[in-house]
Structure formats: C-alpha cells, structure tokens
Amino acid sequence: MSQQPVAEVKAEVKLEPAAQPADADFTNVGVQFLMAPYYSRLFPHQEVYKWLAYGNDGKHPMVDASFFQHREFCFTLDGDIFVRYQSFKDGLELAAALKDRCPSKIDIGPVYNVEPQRRAAYQGSGQGFCPLERELVFDIDLTDYDDVRTCGKDGHICIKCWPLMAAAIKILDAGLRQDFGFQHILFVFSGRRGVHCWVCDERARKLTDEQRSAIASYFAVYKGQERGVAKLALGLDDHPALARAYALLKGAFEDRILPEQGLLEDEAQRKAILAYLPNDAIRNAVERRWDGVISSADRWEALQDEVETEAQALEANRKSSEGARAAKAMRKAVKDIVCAYTYPRLDMEVSKKMNHLLKAPFCVHPKTGKVCVPIDPEAAWEFDPETVCTVGGLLNQLNSNSAAAAQGEEPWRATDMSQAVETFRACFLDALQAEVKEGLAEKSRQAAAAPTLACSNMAAVVAPPAVVAQKPQVVASTITAMPRLTKAATFVAAGTVAILLSGPPALAADLVLGEEVFNNNCGSRNAHCMPCDSSSALHTSSNEAVARPRIRTLLWQPNLHAATRQPRSLWHREAACHMGGNNSVQNEKTLRKSALEQYLAGGFNQDAIVYQVENGKNAMPAWADRLDEDEIQAVAAFVFSQASGDLW
C-alpha cells in the first residue's frame with residue numbers, strides 16, 4: 001500500500017477506537033502521521049514517569065516534589081526541528097505535551113539545579129544552570145561492526161548479526177554488576193541497529209564526568225583499527241574481568257558469530273583474520289591446513305590447532321622464561337581475534353558527559369517504525385530485532401481489539417506493547433521502585449534519629465528542602481524582617497516559615513515527631529509488654545532531660561510550643577509491643593495495613609488510630625492521660641504513613 005496523501009491519512013487516523021474502520025491497515029502509513037494515536041493510546045507514560053521520578057512522585061514526606069520538573073527532555077519535531085530544555089511538572093503534563101506536539105523522537109537529558117525551561121530566569125543570579133545528576137549511559141551501534149558483518153552494512157540488522165549486540169549486552173551487564181556493583185540496569189533496543197544501556201543506581205546517577213569517563217574507559221578494550229588490525233587493550237596476562245569476558249566471547253564467537261557470518265568462508269575476512277597471527281610462518285601453516293576445508297567452524301579449529309602446536313614448540317625449544325613468554329604471545333593471537341570481532345564497541349562520547357542526551361525507551365524510530373523496546377539481558381541471545389513491534393502493527397492490533405482496549409484506561413494492554421512494558425517492569429522498574437521505597441523509609445528513620453537544634457523562643461521544625469525551595473522569596477523576606485538571630489536560630493526560623501507557607505498536613509515534621517514518639521515508646525526494644533517500675537534505669541532523669549532537650553516538631557497550628565520537653569522517659573513507664581510495626585503479644589495484630597484494615601475498629605484511617613491510641617484496647621493501655629493531643633495526632637500520622645506506604 002503506497003503512502004496516502006496527508007489529508008486522507010489524517011481523516012483515517014482517529015484517536016477513538018470506534019472511529020476506525022474495522023479493516024483499517026496502518027502498516028504502510030508514514031510513521032509521523034501515526035505519532036498522535038501512538039502517544040495518545042500506546043505510549044506507557046505512567047511507567048516512564050515512575051522511572052524518572054525515582055520515588056519522588058508520591059506523598060511520602062521525604063520526596064522532592066520538584067525533582068521530575070528539573071529533568072530535561074528534548075523533542076525532535078517533524079522536519080527535524082530540535083527543541084531542547086523541555087521540562088514538565090509531572091507525568092500527566094509530559095503525557096499532554098507528547099500528545100500535543102507528537103515528537104518523532106524523545107531524548108532524555110540530566111536533572112538540573114533549576115527547571116530547564118526557566119533557565120534564562122536564573123542567569124546572573126549566581127545559582128547558574130548546571131546538571132546535578134544523570135543516568136550512566138552507553139550506546140552501541142552495529143555500524144561500528146561493519147568490518148565484521150558479512151550479512152549487511154550501515155542500517156542493516158538481522159538475526160545473523162544480532163549476536164554481536166547480544167554479546168555486548170552480556171559483557172556490559174556482567175561488568176557493571178560484578179565489577180562496579182550496580183543493580184538497576186536497563187537495556188533498550190534503539191529501534192534500528194543498536195542498543196542503549198541505562199545504569200540507574202543513585203550512585204551511578206551522581207557520577208562526575210571524570211568518573212563516567214573512567215568507567216567507560218574500563219570497557220574500552222577495542223580502540224579502533226590500524227592497518228586493518230584492531231587495536232586492543234590486551235596484555236599477555238589477563239585482568240580477571242577480561243578473563244571472564246573472553247570466556248563468554250569465545251563461546252559466542254564459535255557458536256554464533258563465526259558460523260552466522262561465515263567469517264572464514266569469505267576471502268576478505270580470511271585474510272583479515274590471518275593478519276592477527278604474529279608471523280608469516282604460522283600464517284602459511286594455517287593456510288595449508290585450510291586446503292580442502294570449507295566450513296568456518298572447521299577452519300577455525302584448524303587455526304587453533306596450528307597456533308597451539310607452535311606455542312608448545314616455542315615452550316620446548318627456548319629457555320623456560322623466554323619460551324613461556326613466546327608461547328603466551330602465540331596463544332594471545334587467538335584471543336585477539338575473538339575480542340577484535342566480538343568485544344563491545346562503545347560510542348565513548350555518549351558515556352563521558354552528564355549532559356549528553358539519549359533516546360528514551362518506547363520511542364518510535366522514524367525510519368523503521370519500530371518501538372524502542374526494553375531487552376531482558378538474560379534472554380539477549382533470543383531477542384529478534386526483526387520481530388520487534390512497530391507503531392503500525394500496534395495500531396492494527398488496537399483496531400482489531402478495540403472492544404478489549406476500550407474497557408481499560410491503558411489501551412496498550414490489548415497489544416504487543418504489553419510484553420514490552422512487562423519486560424520493563426520485571427527486569428528493571430519493580431526492583432528500582434522497591435529500592436527507592438526503602439530509601440525513603442531510611443531517610444525517615446535518619447530524620448527521626450538525627451540530633452535537632454534548640455531555640456529559646458520557638459519550636460524547631462524539620463522540613464524537607466523542597467518545601468523551602470517552593471517559596472524562597474517569601475521565606476527570605478520573612479527571615480530578613482525577624483530580629484537578629486544566631487545561625488542556629490535562623491535555621492529554625494527558616495524551617496518554621498516554610499511549614500507555615502506549605503499549608504496543612506501531611507508535613508515531614510508531623511511524621512518526624514510521630515516516629516520519634518513511637519520509637520521512644522511503642523518502638524522501644526524491651527522484651528515484654530508489661531509495666532516497668534518508675535525507678536527503672538530505663539527512665540531518664542530530669543537533669544539528663546535538661547542536658548539533652550528534645551526539640552518539639554509541630555503539626556499545623558498557629559501557636560508555637562515550648563522548645564524543650566523531657567526526652568525518652570515519657571513512655572518508658574510502659575514497655576514496648578510494636579517494634580518494627582510488629583505485635584509481641586498478638587502476632588497477627590500488627591501495624592501493617594492489611595492487619596489494621598482487618599482488626600482496627602473504625603477501619604483503616606487516621607481517626608481510628610487516634611481513637612485507639614487515646615482509649616486503648618485489650619492489652620494495649622490508653623494513652624490519653626500520658627500524651628498530649630499533638631503527640632497523639634503525630635503518632636497516628638506516623639503509623640498511618642508507615643502502613644500506607646508499606647514501610648514497616
């Protein structure tokens with residue numbers, strides 16, 4: 001089917017499934033004309049947002065609500081119009097922009113210190129415009145292997161040359177995990193002839209340009225060619241990482257690349273491989289062995305036999321040290337051939353700089369129409385680039401499954417896109433989200449345990465940095481108008497103003513106080529849930545209370561409380577039952593959400609928790625006469641937050 005005129009295509013491609021003819025075929029429609037329905041109905045906006053927000057997309061008190069807004073996106077619009085420094089408040093705003101502008105390509109850049117779209121407003125402010133973090137990325141392109149491939153050149157890709165990419169994935173994945181300890185690694189098919197790798201661990205995102213360059217150089221064994229022979233960073237004695245890589249690559253070369261490419265059946269390739277042998281004598285010996293032998297596998301076996309025979313002769317005919325070294329150099333020729341043909345050939349410049357752009361997963365390649373789908377590194381050998389879903393094929397599936405697609409909010413579930421999204425989640429996103437979630441919980445614990453500052457005339461408030469950043473001018477002007485304060489008191493004042501500006505719950509301060517009271521009392525590490533003697537050593541003396549004042553954090557209220565109170569002694573009159581959200585008396589009645597939904601009178605909500613804390617139930621005593629209203633509210637907020645976020 002030839003490409004239709006623009007007017008006809010636009011009339012045919014509608015966003016609603018019901019408007020599509022039952023027999024509509026989008027396979028041969030120009031890719032750019034399909035971008036509107038693709039971004040509207042098939043692009044997994046929510047998954048991409050969850051990834052790039054790194055946990056800062058929820059209501060946890062430790063999130064940085066502005067994090068995603070500082071990320072740069074670059075749109076390539078129809079006609080190769082390049083629009084950099086796009087930024088969006090959240091996933092919904094990103095989705096709306098994609099639907100409205102229909103870019104032919106989306107590139108992802110760094111997270112900057114200010115919103116990229118507003119960078120001009122910060123010029124001359126002293127704050128500048130600079131990247132703060134960005135995933136460590138790698139780019140591998142099959143065109144860099146054109147001297148190896150016999151199946152095709154340039155933009156060609158097929159199942160015969162894909163093993164070159166699979167080998168690169170395996171080497172990078174093993175090295176990044178085993179040698180650098182990274183865990184959250186995403187491999188993505190580029191949509192045409194290559195693979196992109198995203199390393200998304202927090203410490204990878206915070207690497208400097210120099211550190212990125214060093215890691216990229218670690219994998220740069222292949223350093224181009226000189227006079228038809230690859231320049232390789234290999235010595236006679238292998239680094240353990242190179243020994244591991246060679247063991248993998250030798251199998252890939254012999255089992256997949258050599259037979260698929262017919263390397264020793266092509267005359268030009270035969271000569272190229274012989275050039276890696278160290279002298280004419282061994283080259284001539286190998287060529288004699290090849291007479292009458294046809295297959296690449298048999299010729300490769302003959303080459304290795306001749307090399308090994310010569311190496312053994314060198315060991316036998318020379319002094320021990322000289323012979324051993326000469327034999328190593330002879331055997332190294334085999335290793336050189338394998339690594340020259342199979343070791344990953346990286347585009348080093350992509351990896352070195354934090355501000356380098358890279359194409360986003362789930363983009364559509366404008367020339368092939370193929371979707372940039374994630375790749376499971378464990379199944380890299382089985383990946384087939386020729387069967388990757390295309391935008392036209394997906395829309396055909398959506399059209400034929402329109403009834404099923406219309407039932408849910410995510411129509412892509414009725415297409416092959418569901419497999420790509422499942423791979424994204426199973427191989428990458430789920431584990432990343434679990435770590436991010438635990439990281440936020442750890443930040444809460446650290447905030448609760450951190451020493452705080454006292455101020456004689458106001459209560460100290462712990463506020464997340466993002467709260468202060470929301471209205472910096474108001475905070476600055478308010479503090480300027482205050483009486484002269486010490487440095488510590490100024491910090492306290494800034495936190496207080498930020499709380500007052502941010503509006504009512506839930507504030508980080510609420511949860512910090514709640515966790516503090518909970519840990520000092522309900523979460524104490526005593527072994528039994530029984531009253532203890534008031535003279536117990538668990539109690540803190542009044543002198544100690546004066547020496548170690550506990551800073552009081554606030555709920556939303558206009559009146560500031562006194563800055564000091566007695567610390568841990570308050571609830572130590574009663575031993576603990578709920579360390580870590582558990583229940584040492586009745587094991588099934590924990591503080592996890594499922595248990596609270598089942599056993600808490602009034603259901604799972606903060607008011608029901610407040611009621612039980614105040615009045616007690618069964619073995620749990622009432623605390624209304626031991627804690628004031630603010631502390632009870634704070635404990636309830638903390639328990640509700642921990643249970644809601646599954647943070648116990």
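The following conversation goes through selected features of a predicted model.

Me: What should I know about this predicted model before we start?
Reply: Local features need pLDDT of at least 70 and side-chain atom pairs count only at pLDDT 80 or more, while totals for chains, interfaces and linings use all residues. Residues are numbered from 1 along each chain as its sequence is written, and side-chain values use heavy atoms, with hydrogens and water left out.

Me: Let's start with α23. Which of its residues are buried?
Reply: Helix α23 covers residues 606–615, and its buried residues are A608, I609, V610 and V613. Buried means under 20% relative accessible area, exposed means over 50%, and partly exposed lies in between (1.4 Å probe, protein chains only). Helices (H or I, at least four residues) and strands (E, at least two) are DSSP runs, numbered from the N terminus.

Me: What covers those buried residues?
Reply: The cover includes α24, residues 629–644. Covering is judged by contact, meaning heavy atoms within 4.5 Å.

Me: And what happens at the two ends of α23?
Reply: At the N-terminal end, N605 acts as the cap, with a side-chain oxygen 3.2 Å from the backbone nitrogen of D607. A polar contact is a pair of N or O atoms within 3.5 Å; within protein, one must be able to donate a hydrogen and the other to accept it, and residues adjacent in sequence count only if both atoms are side-chain atoms. Just after the helix, G616 takes a positive phi of about 70°.

Me: Changing topic to the sheet: in which order do its four strands run?
Reply: The order is β5-β7-β6-β11, in an open sheet with antiparallel pairing. The edge strands, β5 (136–141) and β11 (374–375), each pair on one side only. Two strands pair if DSSP finds at least two bridges between them.

Me: How many bridges join β6 to β7?
Reply: Five bridges join β6 (residues 185–189) to β7 (residues 194–199). F189 stands opposite V195 in β7.

Me: How many salt bridges are there in the whole structure?
Reply: A search of the whole structure finds 28. A salt bridge is a side-chain nitrogen of Lys or Arg within 4 Å of a carboxyl oxygen of Asp or Glu.

Me: Which residue does E267 bridge to?
Reply: E267 forms a salt bridge with K271, with the closest N and O atoms 3.7 Å apart. Both lie in helix α9 (residues 267–274), four residues apart, about one turn of the helix. E267 is partly exposed at 47% relative accessible area, and K271 is exposed at 57%.

Me: What about R283 and D280?
Reply: Their side chains meet in a salt bridge at 2.4 Å, N to O. Both residues lie in helix α10 (residues 280–290), three residues apart. R283 is partly exposed at 21% relative accessibility, while D280 is exposed at 52%.

Me: And K332 with D336: is D336 buried or exposed?
Reply: D336 is buried, with a relative accessible area of 12%, and K332 is also counted as buried, at 17%. Their side chains meet in a salt bridge at 2.9 Å, N to O, and both lie in helix α12 (residues 320–342), four residues apart. Elsewhere, salt bridges that share partners join E133, E202, R205 and K206 into one network.

Me: Back to α9: what does the side chain of Q269 reach?
Reply: The side chain of Q269 reaches the backbone oxygen of D147 at 2.8 Å. Q269 lies in helix α9 and is buried, with a relative accessible area of 6%. Not counting residues up to four places away in sequence, Q269 touches D147, V148, T150, L263 and Y341.

Me: Where is R592?
Reply: R592 is in the loop between α21 (542–547) and α22 (593–599). R592 is partly exposed at 28% relative accessibility. R592 and V639 are 47 residues apart in sequence and 8.8 Å apart in space, C-alpha to C-alpha. Leaving out residues up to four places away in sequence, R592 touches G580, G581, N582, A643 and W648.

Me: Last topic: how many disulfides does a search of the whole structure find?
Reply: The search finds zero disulfides, a disulfide being a pair of cysteine sulfur atoms within 2.5 Å. For C372, the nearest cysteine sulfur is that of C363, 5.5 Å away. C372 is buried at 2% relative accessibility.
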